[in-house]
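Biologist: I am new to this structure. Please walk me through it in short steps.

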Amino acid sequence: MNISYSKTFVKKFEKYDSKLQLKIFEAIEKIPSGDIKRLTGNDIPPIYRLRISKYRILFHMQDEDIKILKIDSRGDVYK
């Protein structure tokens, strides 16, 4: 599994404390298990959401390639 990260994700991720960073990193490593849901819309490739407590991670997943797009709190991630 190849995981890549967008600049938007990295910038926001670096602001979190180390305990939360570790929790997020462990959840990303366990994809495709976890609380994952495909978002509606005509996006190709489709966008998925991974839920970690009050945070949401948006990502694309194709075969063995995963592109982490964005992380933010529940209310702000979909904007």
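Modeller: Start with one cut-off: a residue is buried when its relative accessible area is under 20%, exposed when over 50%, and partly exposed in between. Keep in mind that this is a predicted model.

Biologist: Is L20 buried or exposed?

Modeller: L20 sits in helix 2. Its relative accessibility is 14%. The cut-off for burial is under 20%, so L20 counts as buried.

Biologist: What distance separates the C-alpha atoms of L20 and G75?

Modeller: Along the chain, L20 and G75 are 55 residues apart. In space, their C-alpha atoms are separated by 18 Å.

Biologist: Which pattern does the protein chain follow along the sequence?

Modeller: Count the elements before ordering them. The protein chain has two helices and five strands. Read along the sequence, they give β-α-α-β-β-β-β.

Biologist: What is the radius of gyration of the protein chain, and what does the globule rule give for 79 residues?

Modeller: The C-alpha trace spans about 35 × 30 × 25 Å along its principal axes. The globule rule gives 12 Å for 79 residues, and the protein chain comes close to that, so it is as compact as a globular protein of that length. Its radius of gyration is 12 Å.

Biologist: What percentage of the 79 residues count as buried?

Modeller: The accessible surface of the protein chain is about 5500 Å². Carbon and sulfur atoms own 50% of that surface. As for the residues, the buried part is 33%.

Biologist: How many residues of strand 3 are buried?

Modeller: Strand 3 covers residues 47–52, which makes six residues. The strand is mostly covered. The buried count is five.

Biologist: How many bridges join strand 3 to strand 4?

Modeller: Strand 3 also pairs with strand 2 (residues 36–38), antiparallel, over three bridges. There, R38 has Y48 of strand 3 as its bridge partner. Strand 4 (residues 55–62) runs antiparallel to strand 3 as well. I47 stands opposite H60 in strand 4, and the bridges between strand 3 and strand 4 number six.

Biologist: Which residue in the turn of the hairpin has a positive phi?

Modeller: Strand 3 and strand 4 form the hairpin, with two residues between them. The residue in question is not a glycine, yet its phi is about 45°. At 47% relative accessibility it falls in the partly exposed class. It is S53.

Biologist: Is D63 buried or exposed?

Modeller: D63 lies in the loop between strand 4 and strand 5 (65–73). It too has a positive phi, about 50°, although it is not a glycine. Its relative accessible area is 80%. The cut-off is over 50%, so D63 is exposed.

Biologist: Which residue does a cis peptide bond join to I31?

Modeller: Look in the loop between helix 2 and strand 2. The omega of this bond is about 20°. The partner of I31 is P32.

Biologist: Which residues make the nonpolar surface patch of about 240 Å²?

Modeller: Begin with F25, which is found in helix 2 (residues 18–29). Its relative accessible area is 41%, so F25 is partly exposed. A residue needs over 30% to join a patch. The patch is made by Y5, V10 and F25.

How values were computed: Residues are numbered from 1 along each chain as its sequence is written. This is a predicted model: local features need pLDDT of at least 70, side-chain atom pairs count only at pLDDT 80 or more; totals for chains, interfaces and linings use all residues. Side-chain values use heavy atoms; hydrogens and water are left out. Patches are made of residues with over 30% relative accessible area and no salt bridge: like charges are joined within 9 Å, nonpolar side chains (Val, Leu, Ile, Met, Phe, Trp, Tyr) within 5 Å. Accessible areas come from the Shrake-Rupley method with a 1.4 Å probe; for residues, only the protein chains shown count as cover. A salt bridge is a side-chain nitrogen of Lys or Arg within 4 Å of a carboxyl oxygen of Asp or Glu. Helices (H or I, at least four residues) and strands (E, at least two) are DSSP runs, numbered from the N terminus. Buried means under 20% relative accessible area, exposed over 50%, partly exposed in between (1.4 Å probe, protein chains only). Two strands pair if DSSP finds at least two bridges between them. The radius of gyration is taken over C-alpha atoms; the globule rule is 2.2 Å times the number of residues to the power 0.38.
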